[in-house]
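Biologist: I have a model open and want to go through it with you. Can we start with how its parts meet?

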Amino acid sequence: MTGPEGIRCMLMRGGTSKGAYFLADDLPAERAARDDLLLRIMGSPDPRQIDGLGGAHPLTSKVAVVSASADPEADVNYLFLQVGVEKPEVSGRQNCGNLLAGIGPFAVERGLLAPGDGETSVRIRMVNSGDLATATFPTPGGHVDCTGDTEISGVPGSAATVVVEFSPGKGELLPTGHVRDTVAGSEVTCVDNGMPTVLIPAESLRVTGYEDPKDLEANRELAERLREIRLGAGELMGLGDVSSTTVPKLTLLAPPRHGGAVTTRTFIPVRCHTSIGVLGAASVAAGLRIEGSVAHGIAALPEQGDRLRIEHPSGFTDIESSIDRTAVVRTARKIFDGTVFPAPPTGGRA
Ligand code: NQM
């Protein structure tokens, strides 16, 4: 079979998401050419992404671009790109803490840094925000081994632990300058601990916050209310016109039901997350701790310790969250490593 030239690519599950990982050197340096190529690799735009690697959902239409870092504070640079499913869009406006979990193993496998004998820590510059994270994972005998006993909600089975520690970000925790704002008639708290997020009491939108994501997605009235709130909050958060961007996210809050701190349903921003993003959870956790936020009267904060359990549709995410520290346990797994063949520039795409 003849066709276009292939590109070296690793498909990995990172946390509860899945994406195509590339070395920056294996992609075109010019942005328009790179984005066009990524759309053809992922099979976008097409609701089924039938002709590419994408899994027909924003959580499985993700790309990580990795390179060695010249920055003395980092080993590697990680650029996250969200590839539209139905729209021909590639956006670098947000981070992804789930794909972040695969960056260390990928970097070692590609020879960007030498593994430790036992475990390896990789300092990662998240290019999208400029913030730093450190990922630590087992490398028995100097090799990446994704197998292990750690289970995370939303992923069947178990895999090796990846501990991700975030350095304090440069952004404002309260981007509007207020603990609460009234936006499109709803009281919200806009918070950013790595992911711009609007916290909204579920009850104020006439839902319980315990619904199945599919039922929430099917609720047209809710979708319209969320759209109005997001547009207003985006302006107040200094993000400008957010009508076609992936941030801010919207998280509906309800009292916990399984011993955690809070129940969440997160819109990213149109589809409802089947669990919750990592930095999304970190932002929710920070919001719960802010005196006077809309989480007051909804969340149940533990009396001791930094760990907050964020409940979500497929279980929970535990976040270690204090003023100067955010950490989370994830897992990651190499699914394939090889050569991906993009659809030809004009062939087959809608
Ligand atoms: O918040 C989905 C995901 C994410 C982002 C999204 C993420 C994070 O679950 O750090 O991981 O909010 O678009 O992959």
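Biologist: How many salt bridges are there across the interface of domain 1 and domain 2?

Modeller: The rule finds 0 across that interface, where a salt bridge is a side-chain nitrogen of Lys or Arg within 4 Å of a carboxyl oxygen of Asp or Glu. This is a predicted model, so local features need pLDDT of at least 70 and side-chain atom pairs count only at pLDDT 80 or more, while totals for chains, interfaces and linings use all residues. Residues are numbered from 1 along each chain as its sequence is written, and side-chain values use heavy atoms, with hydrogens and water left out.

Biologist: And how many residue pairs are in polar contact?

Modeller: Between domain 1 and domain 2 there are 5, both residues at pLDDT 80 or more. A polar contact is a pair of N or O atoms within 3.5 Å; within protein, one must be able to donate a hydrogen and the other to accept it, and residues adjacent in sequence count only if both atoms are side-chain atoms.

Biologist: Where are the domain bounds?

Modeller: Domain 1 is 7–168 + 330–340 and domain 2 is 181–323; the bounds come from an automatic or database domain assignment. Their centres, taken over C-alpha atoms, are 25 Å apart.

Biologist: How much area do they bury between them?

Modeller: About 1,600 Å², 57% of it on carbon and sulfur atoms. Buried area here is the accessible area (1.4 Å probe) that two parts lose on being put together, summed over both. On the domain 1 side, Arg 93, Gln 94 and Ser 153 lose the most area to domain 2, together 33% of what that side buries.

Biologist: Switching to the backbone, which peptide bonds are cis?

Modeller: Ser 44 to Pro 45 is cis, with omega near 0°, and so is Val 247 to Pro 248, with omega about 0°. Pro 45 sits in the loop between helix 1 (31–42) and strand 3 (62–68). Helices (H or I, at least four residues) and strands (E, at least two) are DSSP runs, numbered from the N terminus.

Biologist: What about phi at Gln 49?

Modeller: Gln 49 is not a glycine, yet its phi is positive, about 45°. Gln 49 is in the loop between helix 1 and strand 3.

Biologist: Is Gln 49 buried or exposed?

Modeller: Gln 49 counts as buried because its relative accessibility is 1%; buried means under 20% relative accessible area, exposed over 50%, partly exposed in between (1.4 Å probe, protein chains only).

Biologist: And Arg 206, buried or exposed?

Modeller: Arg 206 is exposed, at 69% relative accessibility. Its phi is also positive, near 60°.
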